[in-house]
Structure formats: structure tokens, C-alpha cells
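The exercises below each set a task and then work through a solution step by step. Please look over the sequence and the structure before starting.

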Amino acid sequence: MIDYNTAVVLAGTSLLGAGAGLIGTFAVLRGRALLGDALGHAALPGVCLAFLMLGRRSLAAMLVGAWLTGVLGILVVAGLRRATRIKEDAAIGIVLSVFFGGGLALSRFIQTQAMQGSQAGLDTYIIGRAAGMLQGDLFWISAAALAALLAVIALFKEFRLVTFDTGFARVQGWPAASLDLLLMGLVSLIVVIGLPAVGAVLVAALLILPAAAARFWTERLGTMLAVAGAFGLVMGAAGTAISATVSRAPTGALIVLVGTCLFGASALFAPRRGAAARWVDHVRFRRRLREQAVWRAVYEATVNEAAVYEGTAPRRPAAPPIEPLRPIDTDELVQRTSYKSAQVQRVLRQAERTGLLTRQFDGRYLPTTAGLDRAARVTRGYRLWERFMSEQPELTGSFARLDVESADEVLSSQVVAELEAGLRALGRLPTVPGKGPSL
Amino acid sequence: MIGPSSTLPSQPKSAAETAATEKLLANVPAVLDVHNVTVAYHRKPVLWDIDLTLQGPSLVGIIGPNGAGKSTLVKAILGLVPLVSGRVTIFGRSCQKQRKLIGYVPQRESVDWDFPVNVLDVVLMGTYGSLGWFRRPRRPQREWALECLGRVGLADLAGRQIGQLSGGQQQRTFLARALAQRAEIYFMDEPMAGVDAATERVVFSLLRELRQQGKTVLVVHHDLRTVAEYFEQVVMLNMRLVAAGPTPTTFLRDNLAKTYGGRLGILDDAAEALAARERSV
Amino acid sequence: MTWPDLSAMDPAQAFWTIAVGALSNASCAVLGCYLVLRRMSLLGDAISHAILPGIVLAFLLTGQTASGPMLLGAVGIGVLTAVVTQTLHVSGNVPEDASMGVVFTSLFALGVVLIALAPSNVDLDLDCVLMGRLEEVLVREPWLGVEVPLKFPSLLAVLAATAAFVTLFWKELKIASFDPALATAMGISAAVVHYLLMGMVAAATVAAFDAVGSVLVIAMLIVPAATAHLLTDRLGWMVGWSVVVAIISAVLGYLGDILFDTGVAGMMAVGAGLQFLLAVLLAPRHGLVSKLWHRLTLSLRIVSEDLVAVLYRFEETTGETQTAGVPWNLCRRIAGGGLTAWLAAPLLWWRGEVRPVSGGRLRLTPRGRQSAQSLVRSHRLWEAFLGEHFQLPLDHLHESAERVEHFIGPKLQQRLASDLHQPGRDPHGKEIPVAKEPE
């Protein structure tokens, strides 16, 4: 069984992770991920100054100091961005490195003065020492996590609006600036509370990793918040558990590594947005496009539409004759579709295997009835899109999709019937059994 | 001439005729040949099956409503965005092999005006392509750059940092940079957007000068009222190629209607002017 | 803190510490210029965090950090970091800052864990990692006949490589940073330049690591470049100034250590920060103080010109040139009041353009009358120009002329007058003063 101390640490890191996951979601969506990092680094001089002024290690004082210089750092970033030609990323980097360098200098100064309790106390704030968490600390952490949770629940729709579209929020009358400030305040709270546990360099990871991982699993903000909170909790708990067994590794770093694994797994294997899923989807998509292009080319090569189309007035507004068929060779298809020969060959071989084409002794292919049917279906779908886009160009933006084979699936049957009528009049509507009678 | 490569089944020709035409065309590679190009952003097509062939020197305007893919077409031709399908050749070869013949004036929005370069530095960038890796621009390039600046009327602003210029001056700087590239075919993305009338005149006279020197210039253009005046050929886009050809026969009301759809109401001026012209023809 | 006896300082130690610091700082500063201009400051931050695990591994395997194969490995990791960050952002749709945050916190955590798991006889601890070991410049080896610190030759090599890189690829770096689309269209692949730069950044980071630690590397990548950006508008000068700032930071760092016993690296970062602050305030064109000064002098000029013009118009309306003067309060109010008006009056008196008259009134001197005439001439010519060419209603002319009159010099006056064919009156019917012949 775990001992009391470990239980305290476990509870503390789990709550911290959960709170960070919640608040981190908004921070990441708002593009403020690295601002949290700057906050963490800028907090270090504050910790040292508090120590210097008090002469001893006092968690409360050091956290207040951390908070003060952290916020000062953020204000400097904002000021630099507004008043000079320095861009935001450089401003964050400047504040981060200069403040942190100053903090390191101060901590070294304190060490060489050999002040009491200095060594361990200050290292804690650089890479964290979660194992040193006391029951009193746990109280503060719980309070912070609870505050985060309550704020998020109470102000969910306000935060969501401000995060998504600040200008709109302001126009609607929401105090966007104050809400933003509140959000940054919560971020700084989490950062400061997390400092003793994971240290200044890694505290940003608590905010970023759970939220970034959660993003892969859902499109809805509410779900994302829940998943981020859960991931944060798992990060904290698992990291602490591992650290309890492998005693030498610092807890903070292990917590972050657990988070990395969660992120990696999400990025790769999440059902729709993960890399694996998207790669499969992409391959299928390209293959489908190729097939459609090839079948269209097969139709146009095989069917002699010119027989119907003379000048501008069709002689007989009838379905174009399918007889006589002529066999098609790969080169012609390559020329018509602009795909490479190997790619076209693959489609043709697949079609041959499924009985849609038969291969002649001279290497050329002849469509079977089923094959012609497929070709006609694909060509009809394509031409319906074509006609739709030229008749209603202003609507194409909303409806057009490359991977939808036929407009039937997206447009209403009335619109489809109109399009068909138009194509038929031009003699360009392929007959497809099952799609209604032809004239 | 410019034209869509194939939209309708062509009339069957006699075998001899076909062979002769093909032999003739085979000796003269088209300036620009776009075949079956599709560009998509996350499954939503931005350009769909574009077929375009352009012969000979010409001044071409590319028009279409917002979001129609005009900028994307230029970027697709230059290889700056990936193609879902299709291919592009310039003077018969792929765009990568013909970099030295291509001049590009991108849109002005994404420039960092705080970048520590002055006007001359920017124009000199146009000579980098011909210098190749590692070589520096020296006096001949400098003089050529100053000459280009002179042609756009900015010779005395050569030392000014670019953030200190007006909008029209900035645009002329980028034009001078394009001139410095000494290309055979130029692609310009909305060069006359957001500039004053005087600068627009300068830009247009420059385009005409280029055309007279036998260059080909394709311009993404936003102002329908000036299309007939500026361009001898026009490409009308709305995700698909609606029409392409000489302006007098292509820039007509029903093509405009197909390109802009129901929004023709906003284009009353152009429509009226065209209608009047059609009546008088 | 005691004021140490500077004469007891070991000059050789001072020289070598500063030299080592200056070399590593300068390499980072030069490369940092491009990072800052391309808004990739934090990518430099990411790379310097990311190479930590690589360095630790190399140290565990070979016992030293900046060996040849290690350097190559680090370059590889640096490029890989950039690639992974880019891939996450582009393909994974993770926001750019979050993807950087994920990558560098994960790699840093990995490094921390590796350090902790290393056998305890290995001489590598977190303090070293963060702040380097500049204080231990005592150990020297002969090299080319001179006794130099261990890291000196490799740092010199890296600086030489950086200088060669930047010189050789000067124009490629310039155009790829300024206009990547054009660069790619011209055949200078912006992507290749980008990854070359990242590789160099990684190399400089590794070389600097042992001397100054990771924190300072970040500072030196960003702060000198940002400072230089404020000081100049030419790229060449920017690179030069960044090197100067880097060297001064090295000196300040050393002095800080001597005076306050804080360790050299932290004080170097602080030194750079101080120089940055100075630049923000006092840079000749872009500094806040100089911008304020410009605004003030401009405002003063405008108000004093307005004052003089008020007096002139008063004379015009009353038709007397030897008036008893205009009450000061009236002048001030019409000229736009405020603090600058109080400053303008003594300035005008000192320039000999006005004279105080008894009863708190002001009067124009002949010289003042001359300068007023010129201003009023500008005003009315502009009104005439607007009226003539733009057919604006009469009450729209005055405000524009009020603003523009201060910026119309004699040359433009002449052009306006000749364009309007030497008009005698403005649209309001007031007489346009004749230009005085230049003496």
C-alpha cells in the first residue's frame, strides 16, 4: 500500500494536472500557450527575491513573489508588443530568458551566501520537487484546482465566446478584456501553484500537453475540456506513481513524459483526427479520385457521343448509343487523365479482377456490362457537378466536395432532375440503369 | 491564343489534318499549359479540373469572384501549393526547370514592413534567381536594379526603408523587383489592389511595355470595369474555368453571369457597358 | 556584497572567460537575427531545449559534450525538432505555439530524466546544464602554441562556420526570410534555407551549451538580435550590432560575477536585457524616448506656427500692423492651447518672431510676420487647390488646410501656385500673401 506522503503527492499532482488541463484548454485555443511558459520562467526571480527579503523559505511568500514577477513579465511582453517594433514571439523570448537568467543569477547569489535552507529550496523551483509536497501545499493546490473548475463551469459560454471571437464578444457587450484578464489570472494561478511541483521550465507542459492531446479526440469544446482535465489527472497520477517506484527521476519530468506519451498516442491513433486515420483516409481519397478519373476516361473513350452531337443542335435528343464498343489502351487513358501509367494500370487491373473489364489478347481492355454501368454512373455524377457549378456558381462553394461521387448525395432531387434535363438536352447525360427512364 | 483545352467532344477530323496540326503544334510549345489541375483544401475544391492553354505573348487578366481560386491558380502554376491532380508546363517543361523565365509579384499583405531592407535591396532580390547560389549582386546588378526603379518612377527613393513608403510606392517597388527578374512570363497577384489612380496608371503602362517586348503577363485582377481596357485576353474562373479567350469575344454578359452568378446585380456598370457594346456591334 | 579588489583580479582568467563567453554569444547572436526577423524566436528556444537529451546521451557515451560526432548528431536533432514542430502544425493541425511547447518540454523532460538516471559518478548535473561552466575556465590546454581553455577551439570553429554560412548564403537568407514565396518561385527553396538555418542554430547551441548553459543560449539567440533590430534599418548593420551587444553582454556577465558572485551566465543574460532596455528607450529612431521627443518637437513646431498665424490673421482683420497686440490667452486658445502653447511662446520670442507687449499681449515682429505670411500662403494655396481640383464645398477646405499647411515647403508652394496660375485669392475670398523673393 502507498504511504501517506505518497498519497498526498498523488492527490496533489492529480488535482494540479486536472486544473491545468482545464485552464490550458482555453490558453491553447487562445494562442497563449507560450505565454504560460514565459510566466513560469519569469516567476523565478520573484521566488528568489522573496527568499532574500524574508531570509527564509516560506512557501506563501515565494509564491506571491513568483506571481508578481510573472505578471510583470507578461505586462512587459504586452508593452513591448504595443510600443515597439518587436514582435510577440521575440518579446516572449526576451522576457523568458532575461527574467530566468536573472533568477538563476539570484539563486546562485543566494547559494554562495550559504543562506539557510537555500539549496534545496531553490532547485525546487527550477525543476520541481513534487516529492516534497506537504499536506498544507495540497490544500492550496486543491483550492486552485477547484477555483479553476468552478470558473470554467460558471463562465463556460463566456470563455468560449471570448476565446473564439473577441471582437464579436465585445460588440455583444461582454467585457472581453476583463474576461481575458480573468483567464490569464487563472493561468498564472496554475503556473504559480505548479512551480514547486514541476518547476519553472516544465510547468508550461502541464498547460499545453493535456489540451493539445485532447484536441485530437473531439470537435466540441465541452468534451475537449473534459478530456483535457482527465488527461491532466492521469498525467499527474501516473507520473507520480512511476516516480515512486523509480526513485531517482524527478517527478515533474516524469509527469511531463507521461503527458508526451498521451499526446503522441492521441496524435497518431485518435479516430478521426489522428495521423493514422487521416493517412488512411487520404490514401482512400486519392485512390477514389483516380478511379473516378479513369472510369470517366473509359466512358468518354468508349462511347461515341459525337454521333449524337452535331453542331449546336442535337439530331436526336436520345440516350447516346453504347454500341459499338471499342477497346481502350492504357496510353490513351494516361493521356486523357494526366495520371501516370503505373497508377492507371493499377486501377485497370483492379477493375479486371472485379469483373468490370476484360483484357484482350493485345493488352487492351474492354468494359463488361457491369463495367459500362460503372463508367456511366461515374460520368453522370461528374457531369451533374459540372453543370451545377456552371448554373449556380455562387452555391458551389457551399456544396462542392471532391470526394462525393455524385451530386445526388448532396443536392435535392428536384435540383438533380433539373440538371439532368439540361444535360439530356445536350445529349450529354449517360444512361444509368436505375436512375430513371431516359427519353 | 488562349483557350480551354477541351470541354466538349471535338469534331472528328481527317487523319491527315490531325497529323498536320499536331506536327505544327509540336514544334511550338505553349507558353503555359495547364492540364486537369485540381487543388483542394481539406476535401473542398478550390480549383476543379482546370484546363488552360496559352500561346504566344499576351496580356491576360484572370477574373472571378472572391474565393474563386484566382490566387490559387497562380500559386498552383508556380508550384507553391500542392496539386491534387493534373500538371502544369511552362514553355513545355515543368515549372521547376523554368524558374529563370518566371517572374512573380505576390500579394502585398504578407510582407513584414519592419524588415531591415531598403527599396534598392528589395529590387535587387529580383536578380537573385539569375545569380544562383552563393554569388553576390555586384555593380551590374545594382545598375540594372536602379534602371528598373527608374522605370517605375522610384529612382530617388532607393535608400528608403520599405516601411516608410506609401501603399502605391510599395507596390511599385515590388513591380520593379519583378522587372529586375528579366523573365519571359510574369504572374502578378492583384497588383492594382489598394493603390491610388496614379500608381494604377504606372502599373498598367508597365504591363503594356512588357507586352510590347514580347513577354506574357498574367494578372489576377479585381476591377471588372477596367478589364476590357487593360487585357487582350481574359480567363474567367469560379472554381472551374468558365471561359477563356480574347476579351472582346469572351468577356460577355452570359459568361459574366456564369462566373459571378446571381451577384450580377452589383456589377451593373459592367453589365450595362457590355450590353451597350453588344448592341452597337 | 563587498566591493572586491579589482586589481586582484586575474587578468588571464578575465580575458579567457570573456573570450569564451563572447565567442559563444556572438555565434548565437548572428543566427538569432534571422530567427527574430522570421518570427521564429521560439523555435530557437525549442531547439536549445530539445538538444538536451542528445547532449546527455553523448556525454554518457563519450564523456565530453562538444565532440565532432556529437555536434553532427545535435545538428540532426535540431533539424528534426524543426521538422516535427512543423509537421505537427501543418499536418496535425496543432496551433504553432502549442506544437513548439509540446516538442521542447517533452525533450527537456527527457533530458532531465536521463541526467537523473545517469550513474552518480558522472559529472553532469542540472545546474551545469542550465548555467554552464564558465567559471571553470581555469583548465587550459596548449593549442597552436597558446594556452587556451578546453572549449575555445571548438567555439572558434563554430563562430567561423557561422560567419562563413551567413556570408556565403547572405542573399539566400535575406530573400528567404523576407519573401519565402518569391524565393521558392525563383528557385531558391525557402524550405532548404530554413532547415540549413535550423541546423546551424543547433550546432551553435551545442557548442555554446557547455560554456554557458541552455538558458543563456536562448537569451543570446534572441536578445542581441532584438536590440540590434531597434538600432538600425539595414540588415548588415543589424547583424553587426548584434555581435557587439553579444560581446558587451559577455563583459557585463563577467563583471557581474566578480561583483556579486552570481555566476557568469545568468548575469550575461541580464546584461543583454539591460542593453535591450536601453535600446527600447534610447534608440535613435525607434526608441521610446526619441519617438516621444519627435512627437514633442513636431507638436511644438505646429503650435508655434499656429500662434504666429493667429497673430497675422488678427492683424489682417483689423487692418493694422502696429496693433497693441493680441491678448496671450486668446492666442493660446485659438492656437490649440495645452502645454505646448506655454512652451511655444518663449521659443518664438527667442527666435525673434514675437514680442511681448504690456498687458499680457503679444505682437508680431517683422520676421514673425514673414514666417506667418508663408504659412498663411500655404494654407490658402492649399484651399485654392482643393477647391479647384476636387470641387469640395467651402466648409470642407479649412480643416484639411489647417493640417497640411505645416508640411508644405517653399518648393511645393511654388508648384501649387504655378498649377493654379498664381491665384490672388483663396475660395473664401481672402487674399493670398505674395511669396517673398529669396534673399
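**Exercise 1.** Describe the polar and charged pairs between chain C and chain A, and then say which elements of chain C take part.

*Solution.* Begin with the count of 9 residue pairs in polar contact between chain C and chain A, both residues being at pLDDT 80 or more; a polar contact is a pair of N or O atoms within 3.5 Å, where within protein one must be able to donate a hydrogen and the other to accept it, and residues adjacent in sequence count only if both atoms are side-chain atoms. On the side of chain C that touches chain A, two or more residues come from each of α2 (41-62), α4 (96-117), α5 (126-131), α9 (190-231), α11 (264-282) and α12 (288-318) of chain C, where helices are DSSP runs (H or I, at least four residues) numbered from the N terminus. Of these, α4(C) gives the most, with 15 residues. Next comes the 1 salt bridge between the two chains, in which the side chains of Asp233(C) and Arg85(A) meet at 3.1 Å, N to O; the term requires a side-chain nitrogen of Lys or Arg within 4 Å of a carboxyl oxygen of Asp or Glu.

This is a predicted model, in which local features need pLDDT of at least 70 and side-chain atom pairs count only at pLDDT 80 or more, while totals for chains, interfaces and linings use all residues. Residues are numbered from 1 along each chain as its sequence is written, chains are lettered from A and ligands numbered from 1 in the order in which they are written, and side-chain values use heavy atoms, with hydrogens and water left out.

**Exercise 2.** Work out how many salt bridges and polar contacts join chain B and chain C.

*Solution.* The rule finds 4 salt bridges across this interface, one of them between the side chains of Asp121(B) and Arg234(C) at 3.3 Å, N to O. There are also 8 residue pairs in polar contact, both at pLDDT 80 or more. On the side of chain B that touches chain C, at least two residues each are supplied by α3 (119-125), α4 (128-131) and α6 (167-180) of chain B.

**Exercise 3.** Establish whether His421(C) is buried or exposed.

*Solution.* His421(C) lies in the segment after α17 (410-419) of chain C, and has a positive phi of about 60° although it is not a glycine. With a relative accessible area of 66%, His421(C) is exposed, a term for values over 50%, whereas buried means under 20% and partly exposed lies in between (1.4 Å probe, protein chains only).
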